[in-house]
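The following exercises concern a single protein model. Please read each task, attempt it with the structure in view, and then consult the solution.

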Amino acid sequence: MTEARKQVCIIGGGFGGLYTALRLDELSWENIGKPQITLIDKNDRFLFSPLLYELLSGEMQAWEIAPNYSELLKDTEVQFSQTSVKSLDIGQKQLKLDDDTELHCDRLVIATGGNTPLDFVPGAATYAIPFRTLEDAYLLAERLKSLEQSSTNYIRIAIVGGGYSGVELACKLADRLGERGRIRIVERGDNILRNSPEFNRETAKKALEARKVWLDLETEIQRIEADNLTLVYKNQIDTIPVDLVLWTVGTKVSPFIQQLPLPHDNYGYLKTNSYLQVEGESHLYALGDVATSQDATGQQIPKTAQAAIQQADYCAWNIWASLTGRPLLPFRYQPLGEMMTLGVDNATLSGLGLKLEGIPAHLIRRLIYLYRLPTRKHQLNVGLNWLAQPLLQFLQQEEGVQI
């Protein structure tokens, strides 16, 4: 009797989920036959989030950083289902989707990512805008356009959080708004980019200073209202006017993940072993923002795109190995350095013996991210567009050619 085709289900189409699906599709399944690979996500587009800032500055277009899953998976055997998961029966290895479709999963990957919590401060959920999704970027772009078209002299923006996202946002917005921008970063710690290499931190400080971005360090937010922000600095309370508040701090997993009968840490993240398997469940894998784990060397795995892409390779291999009777590989995280965009055509890069800033770092960052885009076809389309844009702009400016 012919054995039923194996089923691999992947919940979440971010870096961890999509790249696991693509890698599984590429592996050789000659001996047992390729399993049915199903990728499940409520959105219709993948988001290459490190380039989301370029959408605000007009340096890139939505199709470049947020391609459709249907287009990315066109030349693969991965099946995409645009929906959400209603329930998960771990013992029966069964998924129920929002349309009541049921899927049996011989192997299941949970890579649903995280959300930005807005419940820490009164008024944040109502008035603050997070910056994590394509919808967040669209909402911010609409608000900015409205403010830019208004008669107000200055556009006042407060960015909550002096981490990577807060600093990158501040520089891009400062370049977009120019002299009209009045931008401040509110950070509860005594420094920005506390986990960043010193070179990147100091380069970022210079970029912020050159753009006249104000830093409110050791400052907490007491309350956010429609047109003002109340700050607390060394027990002194100050209320300042703002037009926009952007929230970049914190990550939490969804209530659905927190309620699963699986091992969680104190913050609700799923506990995994060095093989990226959820503790006690050899058929169940978790990676990216949804999981907490250490690699084979005991190194804590950061919740970054770089780490999730590396995890995806190991996750796909271990699923393939477990289905083909081969030994699993413990994950070994390789820090490849850190890059940040610091405004239009400007960046900083530190890692693998390199320390660069300015246009050279900007170009290298672009090339590295081009290489990391999910498929060769998409890389080619985006790369050709990048090469064509300077020529088109030159023709428009110098010859008045209508494109």
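**Exercise 1.** Which helix lies across β19, β20 and β21, and at what angle does this helix run to β20?

Solution. The model is predicted: local features need pLDDT of at least 70 and side-chain atom pairs count only at pLDDT 80 or more, while totals for chains, interfaces and linings use all residues. Residues are numbered from 1 along each chain as its sequence is written, and side-chain values use heavy atoms, with hydrogens and water left out.

Helices (H or I, at least four residues) and strands (E, at least two) are DSSP runs, numbered from the N terminus. Axes are lines fitted to C-alpha atoms, for helices over the stretch in contact (heavy atoms within 4.5 Å), and angles run from 0 to 180 degrees between N-to-C directions. On these terms, helix α8, residues 198-210, lies across the three strands at about 170° to β20.

**Exercise 2.** Describe the sheet that contains β20.

Solution. Two strands pair if DSSP finds at least two bridges between them. The order is β19-β20-β21, an open sheet of three strands with antiparallel pairing. At its edges are β19 (338-341) and β21 (354-357), each of which pairs on one side only. From one strand to the next, the twist averages 5°. Strand β20 (residues 347-351) is joined to β21 by four bridges; Leu349 has Leu356 of β21 as its bridge partner.

**Exercise 3.** Why do the buried residues of α8 lie on the same side of the helix?

Solution. Buried means under 20% relative accessible area and exposed over 50%, with partly exposed in between (1.4 Å probe, protein chains only). The buried residues of α8 are Asn200, Arg201, Thr203, Ala204, Ala207 and Leu208. Because they cover an arc of only 165° around the axis, they lie on the same side of α8; the arc is that of the directions from the helix axis to the C-beta atoms. On the other side, Glu198, Glu209 and Ala210 are exposed. The buried residues of α8 pack against α7 (164-177), β10 (181-186), β11 (214-216), β19, β20 and β21. After α8 comes Lys212, with a positive phi near 60°.

**Exercise 4.** How many disulfides does the count give?

Solution. A disulfide is a pair of cysteine sulfur atoms within 2.5 Å. The count comes to zero disulfides. Cys315 is in none, the nearest cysteine sulfur, that of Cys9, being 13 Å away. Cys315 is buried, with a relative accessible area of 0%. Cys105 is buried, with a relative accessible area of 2%.
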